[in-house]
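Visitor: I should like a close look at a single part of this structure, with its surroundings described in a connected way. Please begin once the sequence and structure are on view.

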Amino acid sequence: MTATELNERANAYGTKIFAQITMGLGRNYPNLPAPSSVHVFRHPGEVSPELTHDQIKSKIESVIKAAKIAKDSGFAGVEVHSIHWGYLLDQFALSMMNHRTDEYGGSLENRLRAAKEILEGIKQECGSNYPVSMRLGLKTFVKDFEKATLTGEDEAGRTLEEGIQIAKLLESYGYDCLSVDTGTYDSFYYACPPMYMPKGYLVEMAAKAKEAVNIPILAGGRMNDPDIAEAAIRDGKIDAVVMGRAALADPEYPNNVLTGHTERIRPCIACNQGCITRLQQGKQPTCAVNPTAMREIRFAMRPAIQPKKVVVVGGGVAGMETARVAAMRGHKVSLYEKNDKLGGNLIPGGSHSFKKEVRELNAWYQDELSLLPVEVHTGETVTAKELKGMGADVIVLATGSVPIMPKVPGIDDAKVIGCTPICC
Ligand SMILES: Cc1cc2nc3c(=O)[nH]c(=O)nc-3n(C[C@H](O)[C@H](O)[C@H](O)COP(=O)(O)O)c2cc1C
Ligand code: SF4
């Protein structure tokens, strides 16, 4: 599908799309030029080559040209990527990564010059009414290269105060809205927050940006709790919510909120395993809780041509997903779990207080199964002979896994415990 077709089809549903255009990656990857020769992320001893003045101008021009192509393809606006996560424009903005002595280094205004020239160029090419957003990390949470600061003290990157100052400058340049978050690659805990990070953690920081500017503030990063999101907007702390991983886990998220069925949202467990980790490994990203993510056409839910009798053995996450999908496709499904509760390894895996989303995922599966014609048998062990007698067309063994205990000296010591709590 071309970009024009994409926009036409989205517009038919009343949906507008912004294209995100990046200036580049810089020191986040090896051998790529950066504003200054600084430490390359995760490559000890390597430094980035420094961008020449001509290269900077050429990159700015490329972003502007790309914005014009986006406009001509029907995108409703563009978002400049980005003064966040330590990407190239962020490297310009951060004094710890920008040691230039020309007009792109030094004062904060100089460090934001590329962002300003990009905005001016886009408005000139696409018209002053064409909306341009910027992603902005309000605080970096780093003490040094590859050293995060959890509490935010000893900040060597961007303080919240500087983040607010940048928001004001971007507004003065003509940016139409800001999509704010926190962190960089060096403090990934803040950039792509895992389940240990409380949902809505950045609302108060975003609210400070909102107080300082008159343009809309969008906030993203663990904002996938409809109550938190609604309260933040209602209280005037932010104007809109941005969601990344929640949309991978459940593309129906917004529809479920709109129809008041928030209990049907499949929770993103903020594990970072299927999505961002695979992306960073150069693999096709997907989602740990939504096997169809990024493979929607291949795994599209189609009614079975010939409904079959399906017996699933094991009521852990794999068994429940198999039963759910098979039943939705019209098969006659029976699910057998030897324990008296469904969930398998989700039960010990979700037992720690901070693993709430794992418990929510287990509850989601059980709720979804209760809405489907699946015969669920808990507390029942089935033997091979019994299985044979069931007349099933398909038997799925989803009996899970048991941990391997390596025979290393000291493994039996009382101080060595498994990762699942004793209670389970
Ligand atoms: C697989 C993946 C790809 C991403 N790609 C981009 C990107 O191209 N541009 C961007 O601004 N953010 C990107 N992000 C970051 C998200 O926009 C977002 O900041 C991050 O996932 C945290 O927000 P969330 O809790 O809503 O997921 C990506 C995140 C993931 C997981
Ligand atoms: S893999 Fe899925 S569940 Fe895990 S963080 Fe990514 S989107 Fe969320």
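Guide: The account below starts with the whole chain, turns to one helix and the loop after it, and then follows the charged pairs and a surface patch.

The model is a predicted one. Its chain folds into 16 helices and 14 strands, and the C-alpha atoms occupy a box of roughly 80 × 60 × 40 Å along the principal axes. Of the 424 residues, 45% are buried. Among contacts with a separation of 6 or more, 65% join residues that stand 24 or more positions apart. The accessible surface amounts to about 21800 Å², with carbon and sulfur atoms contributing 55% of that area.

The part chosen for the close look is helix 12 with the loop that comes after it. Helix 12 spans residues 273-280, and its buried residues are Gly274, Cys275 and Ile276. These buried residues pack against two other helices, namely helix 7 (188-191) and helix 10 (245-249). Just after helix 12, Gly282 adopts a positive phi of about 80°.

Further along is Thr286, placed in the loop that runs from helix 12 to strand 11 (309-313). Thr286 counts as buried because its relative accessibility is 11%, under the 20% limit. Leaving out neighbours within four places in sequence, Thr286 touches Gly274, Cys275 and Arg278, as well as Leu248, Pro291, Ala293, Met294 and Arg295. Two of these partners, Gly274 and Cys275, are among the buried residues of helix 12.

The charged side chains come next. The chain carries 48 positive and 50 negative side chains, with the centres of the two sets 5 Å apart. The structure contains 22 salt bridges. One of them joins Lys68 to Asp72, at 3.0 Å from N to O. Lys68 and Asp72 are separated by about one helical turn because they stand four residues apart in helix 2. Lys68 is partly exposed at 26% relative accessible area, whereas Asp72 counts as exposed at 53%. Helix 2 covers residues 53-72. Asp72 also lies 8.2 Å from Thr4, C-alpha to C-alpha, although 68 residues of sequence separate Asp72 and Thr4.

A further pair within a helix is found in helix 5 (residues 113-126), where Glu120 and Lys116 are four residues apart, about one turn of the helix. The closest N and O atoms of their salt bridge are 3.1 Å apart. Glu120 is partly exposed at 39%, and Lys116 is partly exposed at 31%.

The salt bridge between Lys237 and Glu204 has an N to O distance of 2.8 Å. This pair links distant parts of the chain, 33 residues apart: Lys237 sits in the loop between helix 9 (226-234) and strand 10 (240-242), while Glu204 belongs to helix 8 (residues 203-212). Lys237 is partly exposed at 25% relative accessibility, and Glu204 is partly exposed at 47%. Elsewhere, Asp90, Arg111, Arg158 and Glu162 are connected by a network of salt bridges.

Finally, there is a nonpolar patch on the surface, of about 400 Å², formed by Leu150, Tyr189, Tyr196 and Phe354. Phe354 is located in the loop between helix 14 (346-349) and helix 15 (356-370), and counts as partly exposed at 37% relative accessibility.

How values were computed:
Residues are numbered from 1 along each chain as its sequence is written. Chains are lettered from A and ligands numbered from 1 in the order in which they are written. This is a predicted model: local features need pLDDT of at least 70, side-chain atom pairs count only at pLDDT 80 or more; totals for chains, interfaces and linings use all residues. Side-chain values use heavy atoms; hydrogens and water are left out. Buried means under 20% relative accessible area, exposed over 50%, partly exposed in between (1.4 Å probe, protein chains only). Contact means heavy atoms within 4.5 Å. Accessible areas come from the Shrake-Rupley method with a 1.4 Å probe; for residues, only the protein chains shown count as cover. Lys and Arg count as positive and Asp and Glu as negative; His and the chain ends are not counted. The place of a charge is taken as NZ of Lys, CZ of Arg, CG of Asp or CD of Glu. Patches are made of residues with over 30% relative accessible area and no salt bridge: like charges are joined within 9 Å, nonpolar side chains (Val, Leu, Ile, Met, Phe, Trp, Tyr) within 5 Å. A salt bridge is a side-chain nitrogen of Lys or Arg within 4 Å of a carboxyl oxygen of Asp or Glu.
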